[in-house]
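Dear colleague,

Please find below the structure that I am handing over to you. My notes on its packing and its charged pairs follow.

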Amino acid sequence: GDNVGVAFVDDPRGELVTLELRPIAADLHYFADKARAVVIETGISCPGLSFAAIADKARAVVIETGRGAMHAVVADFLSKAFLDHFAAADPSLSLESAVRAAWAYVIGTGIALQQGSSSSVVHVLELAGTEADGSTRALDLRWVSRRVLPQLPETDVKLFLSPRAQEASIAWSVPSAVRYRETQGGGWDPLRSLSLGPTLTRDQAFRLVEQRLAEQ
């Protein structure tokens, strides 16, 4: 139920990429799943119909489903967005592909409506498999940053992220210290070092580096 920061290294470009996975509102996700199921069932039971004709036959049930989960005005808006997107799909697509595209589109539209942003910045990631009740699991994937990596040593490094993946630290150990670099804007701060000794172990030093990101 919480946002999760994720990062990976783009080796060919030598860059650190960070992104954020956000949960999708339960009512929006429920509506999108149910609308998809209704349209697929309608299409299977009426073979040979165009996508537009399938959308027309499913329209009343899709709208009713939306109104059972959300405010009527929002439900009507999202129902129209879903059905219009499906009806306008490339006829060469399979029924499942066309409905899946409409499913992703309506979730993106709903997220943008809730957050006051553009639907073009929303990327819906559907997780493999489904729940026991036939529903799916999906996340709102947001790209956060892309930074050229600093020069790193030929040793294992640890990567730490702030809760929303906006900032990061890279740390590694040497015989008597833990060295690290933190992000700053689109780049990196100068190299820093934590000296190890009786009062600071290597694990404690790594935790200090990680804790510095907790409030960012």
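**Nonpolar cores**

In this predicted model, phenylalanine 86 touches Val39, Phe51, Ile54, Ala55, Leu95, Ala98, Val99 and Ala102, leaving aside residues up to four places away in sequence. Phe86 also appears among the best-connected members of the largest nonpolar core, which has 31 residues: Val39, Val62, Phe82, Phe86, Ile107 and Val124 touch the most other members. Two or more residues of this core come from each of α1 (26-45), α2 (51-69), α3 (72-87) and α4 (95-115). The greatest contribution is that of α4, with nine residues. There is also a second, separate core of ten residues, among them Val178, Tyr180, Leu194 and Phe206.

**Helix α3**

The length of α3 agrees with expectation, because its 16 residues at 1.5 Å a residue should span 22 Å and its end C-alpha atoms are 22 Å apart. Buried residues in α3 are Ala75, Leu78, Ser79, Ala81, Phe82, Leu83 and Phe86. The cover over these buried residues includes α1, α2 and α4. As a general point, an α-helix has 3.6 residues a turn, so residues three or four places apart point the same way.

**Salt bridges**

Side chains of opposite charge can pair when their charged atoms come close. Across the whole structure, a search finds 16 salt bridges. Three of them may be of interest to you, together with one network.

- Glutamate 20 and arginine 22 form a salt bridge through their side chains, at 3.3 Å from N to O. Glutamate 20 counts as buried because its relative accessibility is 3%, below the 20% cut-off. Arginine 22, at 16% relative accessibility, therefore counts as buried under that cut-off too.
- Glutamate 167 and arginine 147 are joined by a salt bridge whose closest N and O atoms are 3.7 Å apart. This pair links distant parts of the chain, 20 residues apart: glutamate 167 lies in the loop between β5 (158-161) and β6 (168-174), and arginine 147 in strand β4 (residues 136-148). Both glutamate 167 and arginine 147 are buried.
- Arginine 192 meets aspartate 189 in a salt bridge between side chains (3.4 Å, N to O). Is each partner buried or partly exposed? Arginine 192 is partly exposed, since its relative accessible area is 31%, whereas aspartate 189 is buried, with a relative accessible area of 10%.

Finally, Asp10, Arg13, Glu15 and Arg146 are joined into one network by salt bridges that share partners.

With kind regards

Key. Residues are numbered from 1 along each chain as its sequence is written. This is a predicted model: local features need pLDDT of at least 70, side-chain atom pairs count only at pLDDT 80 or more; totals for chains, interfaces and linings use all residues. Side-chain values use heavy atoms; hydrogens and water are left out. A nonpolar core is a set of buried Ala, Val, Leu, Ile, Met, Phe, Trp, Tyr and Cys residues joined through side-chain atoms within 4.5 Å. Buried means under 20% relative accessible area, exposed over 50%, partly exposed in between (1.4 Å probe, protein chains only). Helices (H or I, at least four residues) and strands (E, at least two) are DSSP runs, numbered from the N terminus. Contact means heavy atoms within 4.5 Å. The expected span of a helix is 1.5 Å times one less than its number of residues. A salt bridge is a side-chain nitrogen of Lys or Arg within 4 Å of a carboxyl oxygen of Asp or Glu.
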